[in-house]
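Please load the model in a viewer and keep the selection panel at hand. The tour below proceeds from one selection to the next.

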Amino acid sequence: MLLTQKNTIYYHPQGKEISVFEHCFRNQLPLMLKGATGSGKSRFVEYMAQQLDRELISVLCHEETSTVDLLGRYIIKGADTEWIDGPLTQAVRNGAIIYLDEIAEARPDVLVAIHSLTDHRRKLFLDRHHETLDAPPNFMLVASFNPGYQRGYKELKASTRQRFVMMTFHYPNKEIETQIIVNETNIDKNTALKLVNIAAKIRGLSELGLSETISTRLLVDAAKLIYSGLAPRLACRVAIVETLSDEPDIQSSLQDIINMNF
Ligand code: ADP
């Protein structure tokens, strides 16, 4: 029997993002999701791919990611060479959704290579393979970007930014974040609310100088540990405190906030 994957991905909307995505898909416009790590961007893209019944190909970009990684390469096979499509080429051929996570981290040649895909041409030039692909209507390019340039992340050039429709992901409000934690982990609502209160407090403390503050992901991780039986203070210590900082003073401030709730 074939097991269907339909309607298995849980995503709690925060605003009009589903509608924006659908309209971008319909109008063949590339979409850029801005927001801190762990704010639900990847989950949202997975959910939308499922809703639109499209294959999703995700690539986490890093400073070594180059066009060869995305477009493809020749490999030696016996006495011959064989062309292997990279993930972006596969997505264009299959009419899939490609998600280029943390696109600003990739090498500059990647941004040049996607130019022709992100404007009216919707073409992918495979120079090494002497081939040009026309993206089918169902192909969609989605990218993410963490605009934390003051904290060591790379910025995106205006010429790249202007090729995308852009949408910012903030951390969800208390009610939604509590629901997400309950849904993701089966933990009781009261404990989820305590975690959300801890997050609200930590997010409000800019004086801690954290390079990145507490995300929904960290709350979900802490809740999973608590649900499986780890003592709440210890669960928060390893899932939240240690993750956010290595500084003993900051760690102890964070632990104080946790101890006030658990
Ligand atoms: P990002 O891609 O922004 O780094 P993710 O999409 O990986 O973040 O989210 C991290 C985790 O947080 C997810 O695995 C999920 O458990 C939870 N999460 C965050 N936002 C949502 C949401 N709106 N609906 C469901 N789960 C969410």
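In this predicted model, the count of salt bridges comes to 12. Begin by selecting Glu-184 and Arg-43, whose side chains meet in one of these bridges, with an N to O distance of 3.0 Å. Glu-184 belongs to helix H7 (residues 174–185) and Arg-43 to helix H2 (residues 41–51), so the pair links distant parts of the chain, 141 residues apart. Both partners can be examined from the solvent side of the model: Glu-184 is partly exposed at a relative accessible area of 26%, and Arg-43 is partly exposed at 29%.Select Glu-64 and Arg-107 next. Their side chains form a salt bridge at 3.3 Å, N to O. Glu-64 sits in the loop between S2 and H3, and Arg-107 in the loop between S5 and H5, so this pair ties together parts that are 43 residues apart in sequence. Glu-64 is partly exposed, with 47% relative accessible area, and Arg-107 is likewise partly exposed, with 36%.

A further pair to display is Glu-82 with Lys-77, where the side chains meet in a salt bridge at 3.2 Å, N to O. Glu-82 counts as partly exposed at 31% relative accessibility. Then select Asp-85, Arg-93 and Glu-131 together: salt bridges that share partners join these residues into one network.

Now turn to the interior. Which residues touch the most other members of the largest nonpolar core? Select Leu-88, Ile-98, Leu-100, Ile-103, Ile-114, Leu-124 and Phe-139, which hold that position in a core of 30 residues. Colouring by secondary structure shows where this core comes from: at least two residues each are supplied by strands S2 (56–60), S5 (97–101), S6 (123–126) and S8 (140–145), and by helices H3 (67–71), H4 (87–94) and H5 (108–113). Another core lies apart from this one; it has 28 residues, among them Ala-199, Leu-218, Ala-223 and Ile-240.

Return to Phe-139 and display its contacts. Leaving aside residues up to four places away in sequence, Phe-139 touches Leu-88, Ala-91, Val-92, Gly-95, Ala-96, Ile-98, Leu-117 and Arg-122.

From that list, select Ala-96, which lies in the loop between H4 and S5. Is Ala-96 buried or exposed? Ala-96 is buried, with a relative accessible area of 0%. With the same exclusion of residues up to four places away, Ala-96 touches Glu-55, Ile-57, Ala-91, Asn-138, Phe-139 and Met-140. Add Arg-54 to the selection: the C-alpha atoms of Ala-96 and Arg-54 are separated by 5.7 Å, although the two residues are 42 residues apart along the chain.

The cysteines come next. A search of the whole structure finds zero disulfides. Why does Cys-61 form no bond with Cys-24? The sulfur of Cys-24 is the closest cysteine sulfur to that of Cys-61, yet the two are 19 Å apart, which is too far for a bond. Cys-61 is buried at 4% relative accessibility. Select Cys-236 as well; this residue is buried, with a relative accessible area of 0%.

Finish at the surface by selecting Leu-230, Leu-234 and Val-238, which make a nonpolar surface patch of about 220 Å². Leu-234 lies in helix H10 (residues 232–244) and counts as partly exposed, at 42% relative accessibility.

Notes:
Residues are numbered from 1 along each chain as its sequence is written. This is a predicted model: local features need pLDDT of at least 70, side-chain atom pairs count only at pLDDT 80 or more; totals for chains, interfaces and linings use all residues. Side-chain values use heavy atoms; hydrogens and water are left out. A nonpolar core is a set of buried Ala, Val, Leu, Ile, Met, Phe, Trp, Tyr and Cys residues joined through side-chain atoms within 4.5 Å. Buried means under 20% relative accessible area, exposed over 50%, partly exposed in between (1.4 Å probe, protein chains only). Helices (H or I, at least four residues) and strands (E, at least two) are DSSP runs, numbered from the N terminus. Contact means heavy atoms within 4.5 Å. A disulfide is a pair of cysteine sulfur atoms within 2.5 Å. Patches are made of residues with over 30% relative accessible area and no salt bridge: like charges are joined within 9 Å, nonpolar side chains (Val, Leu, Ile, Met, Phe, Trp, Tyr) within 5 Å. Accessible areas come from the Shrake-Rupley method with a 1.4 Å probe; for residues, only the protein chains shown count as cover. A salt bridge is a side-chain nitrogen of Lys or Arg within 4 Å of a carboxyl oxygen of Asp or Glu.
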